[in-house]
Every structure is written in structure tokens, then in C-alpha cells.
Amino acid sequence: MIFDVVISGAGPNGLMLACELALAGVKPLVLEQRTGPSDEQRANGMVGQVIRLLDRRGLYERLSPSAPVPAAQFMFAAFPLPLQSLSDNPVYLVMVPQRKIEETLAERAAELGVTIRLGHALSGLAQKDDRVLVDVDGPDGPYRIEARYLVGADGGRSVTRKLAGIGFPGVTTDRTVSRTAHVTVPASYRDAVTGGLRVPGYGVIPPFLHHRTEFGLIAYAPFPDGRTLLSVNTYDMPAPASDFTLAELQEALTHVLGGIEVPLGPPDGDGPHLLRRLEAGNTRLAERYRDGRVLLVGDAAHVHSAMGGPGLNLGLQDAVNLGWKLAATVRGWAPDGLLDTYETERRPAGERVTMHTLAQRTLVGPGPEVTALRTLFGELLREPAVLRHIAALIAGSDITYPTGSDEPVVGRFAPDLGPVTRSGRPLLVDNTGLLGSVAAPWRDRVDVVSVPVEGPAAMLVRPDSYVAWALPTAAAPLPAPDAGASPDLGASPDAGADAGAGAAPGAEALRSALTRWFGEPAAVS
Ligand SMILES: Cc1cc2nc3c(=O)[nH]c(=O)nc-3n(C[C@H](O)[C@H](O)[C@H](O)COP(=O)(O)OP(=O)(O)OC[C@H]3O[C@@H](n4cnc5c(N)ncnc54)[C@H](O)[C@@H]3O)c2cc1C
């Protein structure tokens, strides 16, 4: 038996990819070296466009009881961003632990019929012309399987990436030590008005935001459940060889506050309680996202500072970009080059995130020269255009895929279309009533829908929610659907089986976009 797709790694990105493949009709096999859920505490939430995307798949409602909303305030390099001042704020935010995200995605994958083999680690691979030989270490010993495609979703230390010989260039910063723990602080140090940390002789450190001093970075997070997480980053204060303790966190906090002591106590209540020290930090981007039949997704393709939590926004959108393209390739209808657009579209998105996280690391660094740079950057941030630019960067909503079209919406994230996007199928949104028959030969893979939406009267929307084509807004006024032939915007007289559709505005351009993204139409029997 040859598996269509084997995914190495059941972290959030491997699971998301599995769900997307299954929605598109390809059930992958997922290998996971862990034998149970991870007990590592990573993400506390997600930020950016991915929240809208998860909502479009009906997954957001499993993570949060309230509808997705943009954050009134967020942060960039320890600068508070007054996002409520933006009319079109793209910085959606949800606070939800990574474990819950993984549970939700695993549950969805199971509903969609995906098999996950826990306790099975990928240990080797060899590519042949038409398949990949995958070596696995399982609970009963090593074995080999075959797959048409293998996806490495096995995290920053990706075995898949290493075995495929894909380089991972970048930088390692070894001056930083990040210390994080659940703590208690005396009531007199808690600011009743802001919820922040009141430091005598210094001021109030606002809650849930990074706060920089010339000696390091503090993040104070008093969660509504009563638990308080404190994170302190230092420079040139190396970690001792001994295990991390609360006393070490206390010492680091005092150092970053320039000698002022805030007494820290151990956390109250039931655990698990976090006590974590991370040394150094990597910012790296895979030199290729694909090598033949092997692809990389998520942290396997990029690692960077967790500052501002951009990881899942990036990785889950990689997974959704790749899912439908890989499924189309496996199912045989993918046009030439479709799978390669995964790298041409998503690697630049990875470059943006590695760029801005590295820039943020620099901007929170120690020393008076960084303080001077921050003064200037802070002045720039007061410009609404700069704030908007940074907000789009954080949200990942500034990503435009290359399409060759001049239409402003094409290559960009589509407007919300309601429940029709849950299926993950390509959509022709046709509010003209004239173009549905143009897409009819693709009906096995493209659904035609009419949804009231701001923007062009017709749009072709890919499964990852990006617009592949739109009826030019400068088009001549559309006739009523029953008004017969209309001015042609490029249709050739013999362009379609249906003469009416062939003459509809944009028909020829739509046909060409359908072919470009969704292949040749199915043969009519
Ligand atoms: C401290 C910290 C805080 C973070 N905070 C945030 C945040 O607030 N918001 C945010 O968006 N992101 C955050 N991130 C980033 C986020 O956690 C990662 O981007 C995310 O986990 C990447 O998911 P992944 O599926 O690509 O990889 P991983 O989560 O690393 O999953 C990889 C999986 O592959 C498995 N695996 C590895 N090797 C093999 C093998 N050989 N065979 C089979 N299975 C294998 C692993 O066991 C693991 O389950 C944070 C990261 C850290 C470290």
C-alpha cells in the first residue's frame, strides 16, 4: 500500500494540514513521536489573520465562546499599539493555550477520518521517482512505509528537513536568557486601576504587554483565572548550570528593574505551574520549502522569536495554503506548477515574520543606543500610516500573492463570506447571476455561490481564502441577470459551451483563472 500523504508531526501545523487534506478528499497518515499530549507550555494565544481563517472553517467557535474581534491594543517591540484608532484593524486576537488548539485540531482530524499513529517517529527517508520511502520507529520496532508525498511538520528541529538536506540558514542570538514562571506578588504591588505591576520608585508595568528597560524585558500577565505569569528576559546574565528556580527569576527581575526589588512568591493553587528558562534564540528560514516529494510546513520551515506570538498565524496559514494544492496534486487535477506556488507564496510570508521578529528583538535590546532608536521609532508610530503598516505586518494581512492581476483584491485575503467557506472548496462568488455557467465544467471542484459581500460583483476564491480572480470593478455596469448578452470584457465568441456565459462580463478571464488554479475542466461524458 502506498499512502497518498504522510505527515511527520502532530503539532498544530501537522494537524491543520491533515484536516485540510481530508476536507479536500485526501486522508493522510500522521506520524507522531509522542505517545500522548505534549506537556510543554507554549502559545497562550493566536494573533492575526489566522483567527479569521479558523473562523471560516468553523474551528474558531470550538476555541472561544465569543465571536472573533480585533484587539483594541496589542504590542510591537514593547511599544503599546493603540489599535482601536484604526478603522480597519486587522489584529484579531484570541487567548487560548496551545494544548487546547492541538486538542481541537486533533478532534477535527479524527472527525474527518485522519489516522494519527502516536509513538511512531519518522527516522529515515529516501525519494524515488514516484514515491518516498519513509522509515519509522514504532512501539513494535522499526518499519518502512511508502508515500506519494511526505510533509515534515515536525517542528524547529525537523528530522524531515535534515534528512531531505534542506538548509536552515539564519542567526542564533546567544546573549538572551528568557525566564518565565507562575508567581504571586503581594497585593500592594498590584495596581488596582490598570491590573499592572506597581514597582515603588519606578512606576507601573502594564499588564499583558512587554515592558523594556535598558537592562532587559519584563512581561507581567495576571490572568483572569487568578494565575500570574511573569517573564523576564536578560542580556549578558548567563544561566547558571543549576536548575532554574524562583530565586533566579527574582534576581533577574531585580536586575532588569535596575536594582529595585519586587518580592515574588510561589504560585497558589493547583498546577501545572510553569517554571521555564530558555537560553539563546534562533531566527531561521528553510532555504526551500520543497524538495521533490518532500515538503515542510510550520516550524519545520521557520523558527523565530515568540515575541508577539506570530508562530501559529504563520504556520497554520502555511498548512491551509499547502493542503488544497497537495490534495489537488494527489487527486490529479492540479495544474502544472500549482504545488510550487506553496513555496513562492509562503516563503515570503516566512521572510516577513523572521524580519519583524528579528527587528523586534533588536528594538527591545539593552543599552542607550537602543533607547535612542526607540525614541525615534516611538515618534514614527504616532503616524497613523505607520501604525496601520505595523498592524498589517503583525496580522499578516499585508501578504499579497503574486497573480499578475491589477485588481486590488486579487491575491489578497477574501472578505468574509459566511458559512460557505467551511467546506474548504474553491468558490465562485457570483453576484451577477451571469457567470455560474462559465464555472459549470469545473463543478466537480468549484462551487458557485451568491453571497452579499462588499467588493467586486464576482470573485473566484481559493480554498485558503485568497482571491484568485475578481470581476474588474471598472467593468461596464452589469445588466440584470435576465437582460441577455452584455458588454464583453475579454470573452471570445467561442470561449464557452454556453453562448450566454461566453459573452458575460469577465467570462474569458474567469475561465482562464479557473484553469490556472483548478486545472482543466473535467471531461464531459
Ligand atoms: C515558549 C513559546 C511560546 C510561544 N508562544 C506562542 C504564542 O503565544 N502564539 C503563537 O502563535 N505561537 C507561539 N509559539 C510558537 C508555536 O508554539 C509554534 O509555532 C508551534 O508549536 C509550531 O507548530 P508545529 O506544528 O510546526 O511544530 P511543533 O508544535 O513543534 O510540533 C511538531 C510535532 O512533531 C513531532 N515530531 C518531531 N519529530 C518527529 C519525528 N521524527 N517523527 C514524528 N513526529 C515528530 C513533535 O513531537 C511535535 O508534536 C511559542 C513557542 C514557544 C517555544
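In this predicted model, the side chain of Asp 299 places an N or O atom 2.9 Å from an oxygen atom of the ligand. Two further approaches to the ligand involve polar backbone atoms, one belonging to Leu 122 and facing a ligand nitrogen, the other belonging to Gly 309 and facing a ligand oxygen. The table sets out these pairs.

| Ligand atom | Protein partner | Distance |
|---|---|---|
| oxygen | Asp 299, N or O atom in the side chain | 2.9 Å |
| nitrogen | Leu 122, polar backbone atom | 2.9 Å |
| oxygen | Gly 309, polar backbone atom | 3.2 Å |

Taken alone, the ligand would expose 990 Å², and the protein buries 86% of that area.

The shell around the ligand holds 28 residues, of which Asn 13, Glu 32, Gly 45, Gln 98 and Leu 312 come nearest. By character, the shell residues divide into 13 polar, nine nonpolar and six charged. Several elements of secondary structure each supply at least two residues of this shell, namely helix H1 (12–23), strand E2 (29–32), strand E8 (121–127) and helix H7 (311–331).

The two helices among these contributors also pack against each other, with an angle of about 30° and axes 8 Å apart. Because angles under 35 degrees count as roughly parallel, H1 and H7 are described as roughly parallel to each other. The crossing that H1 and H7 make is right-handed. Thus H1 and H7, each of which supplies at least two residues of the ligand shell, are also packing partners of one another.

Definitions and conventions
Residues are numbered from 1 along each chain as its sequence is written. This is a predicted model: local features need pLDDT of at least 70, side-chain atom pairs count only at pLDDT 80 or more; totals for chains, interfaces and linings use all residues. Side-chain values use heavy atoms; hydrogens and water are left out. A residue is near a molecule or strand if one of its heavy atoms lies within 4 Å of it. A polar contact is a pair of N or O atoms within 3.5 Å; within protein, one must be able to donate a hydrogen and the other to accept it, and residues adjacent in sequence count only if both atoms are side-chain atoms. Accessible areas come from the Shrake-Rupley method with a 1.4 Å probe; for residues, only the protein chains shown count as cover. Helices (H or I, at least four residues) and strands (E, at least two) are DSSP runs, numbered from the N terminus. Ala, Val, Leu, Ile, Met, Phe, Trp, Tyr, Cys and Pro count as nonpolar, Asp, Glu, Lys and Arg as charged, and the others, Gly among them, as polar. Axes are lines fitted to C-alpha atoms, for helices over the stretch in contact, and angles run from 0 to 180 degrees between N-to-C directions. Angles under 35 degrees count as roughly parallel, over 145 as roughly antiparallel, 65 to 115 as roughly perpendicular and the rest as oblique. A crossing is left-handed if the near helix is turned anticlockwise from the far one by less than a right angle, and right-handed if clockwise.
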